[in-house]
Amino acid sequence: MLLAGCAAEGGTPLYLDPQQPVEKRVDDLMKRMTLEEKVAQMAQYVGIEHMKAAEKEMTLEEMKQSHARGFYPNLHSSQLIELTRQGRVGSFLHVVTHEEANLLQSYAMESRLKIPVLIGIDAIHGNGLYRGATLYPTPIGQASTFKPQLVEQASRETALEMRATGTHWAFTPNVEVARDARWGRVGETFGEDPLLVGRMGAATVRGLQGEDFTREDKVLACAKHFIGGSQPVNGINGAPCDISDRTMHEIFLPPFRDCLDAGAFTFMMAHNELNGVPCHTSKYLMQDILRDRWKFDGFIVSDWMDIEQVYERHRTASTLEDAYLQSVKNGMDMHMHGPDFADKVVSLVRRGDIPQSRIDHAARQILTAKFRLGLFENPYIDTRQVAETVFRPEHQQTALEMARKSIVLLKNENNLLPIDRNRYKKILVTGPNADNQTILGDWAFVQPDSCVTTVIEGLRRVSPQTEFDFFPFDTNLRTMEMSRVRQARDRARKADLAIVVVGENSMRYIWQDKTCGENVDRYELSLVGLQQELVEEIYHTGTPTIVVLVNGRPLTTEWIADHIPALIEAWEPGSLGGQAIAEILFGEVNPEAKLPITLPRHSGQIQTYYNHKETSKWFKYGTGKSTPLFEFGYGLSYSFFEFSPVVLSDSQMKENGSLRASVEVTNTSNRPGTEVVQLYIRDCYSSVTRPVKELKDFRKVSLQPGEKQTVTFEITAKELSFYDIDMRYGVEKGEFEVMIGNSSRDVDLQKEKFVVK
């Protein structure tokens with residue numbers, strides 16, 4: 001009788017009736033579930049094919065040390081299939097083919113309640129772990145565009161490609177504020193400024209989820225890593241982070257709040273401990289801030305077996321069971337990944353150590369996501385639609401446009417760029433990153449050659465009449481040979497111009513060659529191997545030289561910046577990156593990107609960021625220069641722009657009022673161009689020390705030669721508020737300075753002051 005009361009017409013359970021509201025469907029399903037089935041929804045595993053590869057290719061000891069390959073010593077891949085058939089698996093990750101996605105769902109459909117599995121994947125800049133996907137610039141390059149609308153469009157397309165290939169949950173955006181360039185994951189972030197990071201992260205969420213992710217063409221976003229992983233001790237991924245409460249609330253938390261306001265339904269906790277407490281067991285982060293203060297109503301997922309690290313490395317739990325207890329009781333909803341979690345959590349609930357309400361909340365939110373994504377109606381994908389969706393022309397065009405707008409021109413002495421085809425007819429192209437898939441960045445597996453345009457391919461495509469002499473190097477930067485460097489030098493002597501493509505290697509499928517990316521941190525930031533020698537040898541031939549950097553983090557290329565006449569920071573520009581680089585080199589595209597992160601002269605300058613306190617630059621270094629190599633917000637164009645003095649609508653502003661700040665921007669060159677107009681503000685005197693400047697808004701303006709445009713920013717309490725000496729958030733009265741220009745450099749800023757009454 002109870003089941004009949006919960007059923008729709010014809011005996012179909014209410015939860016399988018798509019006409020019913022999601023909330024009622026969840027209620028009905030929850031009533032039917034055992035404790036074991038609810039906890040199973042909280043249990044995630046790596047894909048079966050991923051397990052098989054690890055079992056085949058790696059020793060047990062190697063797998064134990066790996067942070068990217070999944071293994072379960074006491075659970076074979078065949079046993080995981082049986083668990084899925086029993087309804088004991090709620091989610092998978094690292095499923096990289098649509099065939100496996102369908103197969104896993106077919107196993108889940110054999111279970112008692114036929115609950116589909118939720119499949120997540122690290123689609124950080126496109127669904128790069130899927131072969132044949134569209135790869136966009138990595139997030140550090142996306143941030144260089146200063147164009148959130150473009151990031152939203154790329155994320156929308158990523159969602160389409162994910163759903164077409166059977167995945168439903170993107171482990172992105174990474175909205176950690178990058179404050180240490182030694183950390184290997186800088187390229188996975190949107191840089192060093194909280195406002196820019198927050199806007200780009202929110203755009204990613206909107207693109208992936210839409211308004212509420214209720215449809216079969218949307219995916220879940222995941223704001224990560226909560227929090228502090230981007231300022232780890234010694235730059236080591238997962239190392240402790242010790243920051244003040246003020247820094248946490250003013251620098252690290254705001255981008256996550258922006259993602260939440262954009263609708264992010266999932267959050268991922270950080271590997272690290274924050275101020276002595278592992279993030280994975282932090283009630284303060286998961287419950288007090290995220291749920292109680294911010295009213296988050298989605299679910300929280302752990303990072304790669306990091307609950308286990310609470311016991312094994314952080315040692316704030318004396319047993320593995322205690323680690324699960326602390327994490328789940330304090331707010332964790334899903335465990336990534338492993339076989340021990342579910343059974344131990346069931347035991348903890350039965351003993352009364354974890355309240356049933358905690359399990360019910362977690363299962364409810366996970367099931368809500370599955371219903372809203374449409375998985376109960378159609379857990380499978382139509383394999384015929386894969387080719388129609390993945391790497392389609394519209395997605396390629398977005399990737400190309402984003403790459404064009406992400407490449408930063410750092411130096412252009414004597415207008416060497418754009419390249420004069422009539423003058424430079426024979427061009428040497430060399431360097432380790434000139435003809436391989438390093439341009440794709442981290443979180444990408446090897447892609448078909450037909451889906452990737454390398455730098456040399458792009459040059460040949462853009463300028464087919466030019467004679468290019470290409471001299472290749474291997475992808476392993478550590479094993480460069482001096483004899484090859486000398487051969488490249490000799491070829492440069494015979495060329496009219498040299499283009500040297502150097503940087504780093506983030507290719508995770510050749511892990512031993514990597515110098516950048518996840519778990520590849522560095523204690524210094526110079527060019528790896530003989531790349532510096534390569535640049536210097538070619539420069540000393542007297543042949544005009546252009547250096548193109550392909551890398552995922554800031555590099556300390558001071559010698560190159562001082563000596564090489566033309567320098568480009570391409571970051572990792574994605575599938576069509578080689579074409580975009582070539583178009584900029586030959587002037588087919590006018591560069592417009594700006595640095596989203598400060599480039600240091602030396603790793604000894606770390607930490608270095610533009611929004612520093614005045615006393616952090618009080619004294620100069622005894623050796624070397626104290627200024628950065630290139631500042632946040634900096635980037636050149638082939639056009640030239642002038643800024644008028646700042647005009648304020650009033651010299652005074654009420655505490656809860658507003659005023660307008662305007663500048664007139666003029667294109668003084670003979671070429672159309674786009675400029676990023678940046679608004680910075682400083683509180684001149686305050687109850688606690690404030691940064692010398694903080695980015696508060698930005699606009700992109702496109703101007704024809706000679707054209708002028710007035711750009712106006714509205715300044716409100718939001719732009720002026722901070723946490724005072726008593727940690728109360730608001731505006732303090734007194735003098736403020738407005739700075740508007742095209743970078744954070746003082747020389748590039750027009751300034752004016754006003755007073756808040």
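**Exercise 1. Which residues are buried in helix 24?**

*Solution.* The structure is a predicted model, in which local features need pLDDT of at least 70 and side-chain atom pairs count only at pLDDT 80 or more, while totals for chains, interfaces and linings use all residues. Residues are numbered from 1 along each chain as its sequence is written, and side-chain values use heavy atoms, with hydrogens and water left out.

Step 1. Fix the terms. Helices (H or I, at least four residues) and strands (E, at least two) are DSSP runs numbered from the N terminus. Buried means under 20% relative accessible area, exposed over 50%, and partly exposed in between (1.4 Å probe, protein chains only).

Step 2. Apply them to helix 24. The buried residues are Gly577, Gly578, Gln579, Ala580, Ile581, Ala582, Glu583, Ile584 and Leu585. Helix 24 (residues 577-585) is thus mostly covered, with nine of its nine residues buried.

Step 3. Identify the packing partners, where contact means heavy atoms within 4.5 Å. The buried residues of helix 24 pack against helix 19, helix 20 (455-462), strand 14, strand 15 (545-550) and strand 16 (566-569).

Step 4. Inspect the end of the helix. Gly587, just after helix 24, takes a positive phi of about 80 degrees.

**Exercise 2. Determine which parts of the chain the salt bridges of Glu518, Arg199 and Arg404 link.**

*Solution.* Step 1. Set the criterion: a salt bridge is a side-chain nitrogen of Lys or Arg within 4 Å of a carboxyl oxygen of Asp or Glu. A search of the whole structure finds 54 salt bridges.

Step 2. Take Glu518, whose side chain meets that of Arg185 at 3.7 Å, N to O. Glu518 lies in the loop between strand 14 (497-503) and helix 22 (531-539), and Arg185 in the loop between strand 4 (169-170) and helix 10 (194-209), so the pair ties together parts that are 333 residues apart in sequence. Both Glu518 and Arg185 are buried.

Step 3. Take Arg199, which forms a salt bridge with Asp697, the closest N and O atoms being 2.9 Å apart. This pair links distant parts of the chain, with Arg199 in helix 10 and Asp697 in strand 22 (residues 694-703), 498 residues apart. Arg199 is partly exposed at 28% relative accessibility, whereas Asp697 is buried at 14%.

Step 4. Take Arg404, whose salt bridge with Glu401 has its closest N and O atoms 3.1 Å apart. Both residues lie in helix 19 (residues 393-406), three residues apart, about one turn of the helix. An α-helix has 3.6 residues a turn, so residues three or four places apart point the same way. Arg404 is buried, with a relative accessible area of 16%, and Glu401 is partly exposed, with 25%.

Step 5. Look for shared partners. Such salt bridges join Asp122, Arg185, Glu188, Lys224, Asp442, Arg508, Lys514 and Glu518 into one network.

**Exercise 3. State how many disulfides the structure holds, and examine Cys222 and Cys279.**

*Solution.* Step 1. Apply the cut-off: a disulfide is a pair of cysteine sulfur atoms within 2.5 Å. The structure holds zero disulfides.

Step 2. Examine Cys222. The nearest cysteine sulfur, that of Cys259, is 9.9 Å away, and Cys222 is buried, with a relative accessible area of 0%.

Step 3. Examine Cys279. The nearest cysteine sulfur belongs to Cys241, 7.8 Å away, and Cys279 is also buried, at 0% relative accessibility.
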